[in-house]
Amino acid sequence: MSIRTLQIARIRNLESVSFEPSPRINIIHGANGSGKTSILEAIHFLGVTRSFRTLQFRHLLTHGCDSALVFARLAPFVDHEQLFPLGVERSLEGAVKARFDGKDLDSAELAQLLPLQVIHADTFQLLDGSPSIRRQFVDWGCFHGERQFIGLWRRFRRALKQRNSLLKCGKIDPEQIQVWNQEFVQSGELLTQLRSDYLEQLIPEFERILSGLLEGYVVSLHFSSGWDSKRSLEQVLIESLERDSRLGFTQSGPQRADIRFRVEGQNAADLLSRGQKKLVVSALKLAQGALFHRLTSRPCIYLIDDLPSELDEKHCRLFCRFLEESSDQCFITCVDPDTLITCWAPDTDLALFQIESGTLSHRMR
């Protein structure tokens, strides 16, 4: 899906903004605090009903308002003429309404409809941040590539929650723990296999793109399942039951899965500079979008906040070249548009927008 019209109401300083973005490249520029990132947040809200900058929905709302609304008309493909309406509204109390082409959507259906790739300052923690960030990265790919993933993920999370509840009780019913161990193992092993299979498909795309962004470095990816791979998950749970019970939670399993990055056998986060880490993460995000398109024949929507401040001019141009070669719709913010306008071929479908104090205007290239 690509966004052809967008209407934003009551998000941060965007009380009422409407515009028609390009199906390919959109550059939104303005001074700091003008509302550039809020546009990206509004699109993110349209896809997942929340911001990528804050977990507190009230901080996303325009001051004094009790609900936010984003409405769009979507085209299934870049050159598709028929448009379909999508509206998402959320109240301060938590009520969410999402409707697409006259039908109500749940959160998973909405996320499937708009596959969003977000790149902002915090995204670069993917390499040396917590394992949960890397699990979310892998699970995004599994969710959009395998229909069975979301049901399996929910099944595993329920088993983990129930097992942890039993562990906290002190005295454990052997029959109950056996039931939830079995469910934990069955769903956990299937979930792990999906994650492992996804990374196997991602690695060639990642290596191809990284070789164009970061010359002279080979960064290898290794999947860690979250438990000792020399033993079965069932065996690990049985052997760690006493300690799990003492601690009150499950120590090993898919909830501890991670990706390890290596350069010449060493931890990449310890070896690479900050700039090089950004290039590795950029390659990961571009690779994920490329793999998504190969698996589904659908484009992503990239939300990229202040790209020139994160990459130097040379690598910014290389990054834009990869985006240009894709079929993805991109929304890119910056302070000075001159740093980005020259990164694209003359025939690229590019739209330029300026925002001042929450008011958006279209500019000629």
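User: When do two strands pair, and what is the order of the six strands in the open sheet?
Analyst: Two strands pair if DSSP finds at least two bridges between them. This model is predicted. In it, an open sheet of six strands has mixed pairing. The order of its strands is β8-β12-β13-β3-β14-β15.

User: Which strands stand at the edges of the sheet?
Analyst: An edge strand has a single partner strand, so one side of it is left without a neighbour in the sheet. The strands in that position are β8 (116-119) and β15 (359-363).

User: Which residue of β12 is the bridge partner of I119?
Analyst: β8 and β12 (residues 301-304) run parallel and are joined by four bridges. For I119, the bridge partner in β12 is I304.

User: Which helix packs on the sheet, touching β8 and β12?
Analyst: The helix spans residues 274-296, and its direction makes about 170° with that of β8. This helix is α10.

User: Which element gives the most to the lining of the largest pocket?
Analyst: The largest pocket has a volume of about 1400 Å³. Of the 42 residues that line it, the closest to its centre include H44, R50 and W140. Several elements each supply at least two lining residues, among them α1, α5 and α6. The most, nine residues, comes from α4.

User: How many residues of the lining of the second largest pocket are nonpolar?
Analyst: The second largest pocket holds about 360 Å³ of space. Among the residues closest to its centre are Q112, H144 and R298. The largest share of its lining, four residues, is from α3. By type, the lining has four polar residues and four charged ones, and the nonpolar residues number six.

Conventions
Residues are numbered from 1 along each chain as its sequence is written. This is a predicted model: local features need pLDDT of at least 70, side-chain atom pairs count only at pLDDT 80 or more; totals for chains, interfaces and linings use all residues. Side-chain values use heavy atoms; hydrogens and water are left out. Contact means heavy atoms within 4.5 Å. Axes are lines fitted to C-alpha atoms, for helices over the stretch in contact, and angles run from 0 to 180 degrees between N-to-C directions. On a 1 Å grid over the protein atoms alone, a cavity is a set of points where a 1.4 Å probe fits but cannot get out, and a pocket is an open set with protein on both sides within 12 Å along at least five of seven lines; lining residues have an atom within 4 Å of a point. Grid points are joined across faces, edges and corners, and a volume is the space filled by probe spheres set on the points. Ala, Val, Leu, Ile, Met, Phe, Trp, Tyr, Cys and Pro count as nonpolar, Asp, Glu, Lys and Arg as charged, and the others, Gly among them, as polar.
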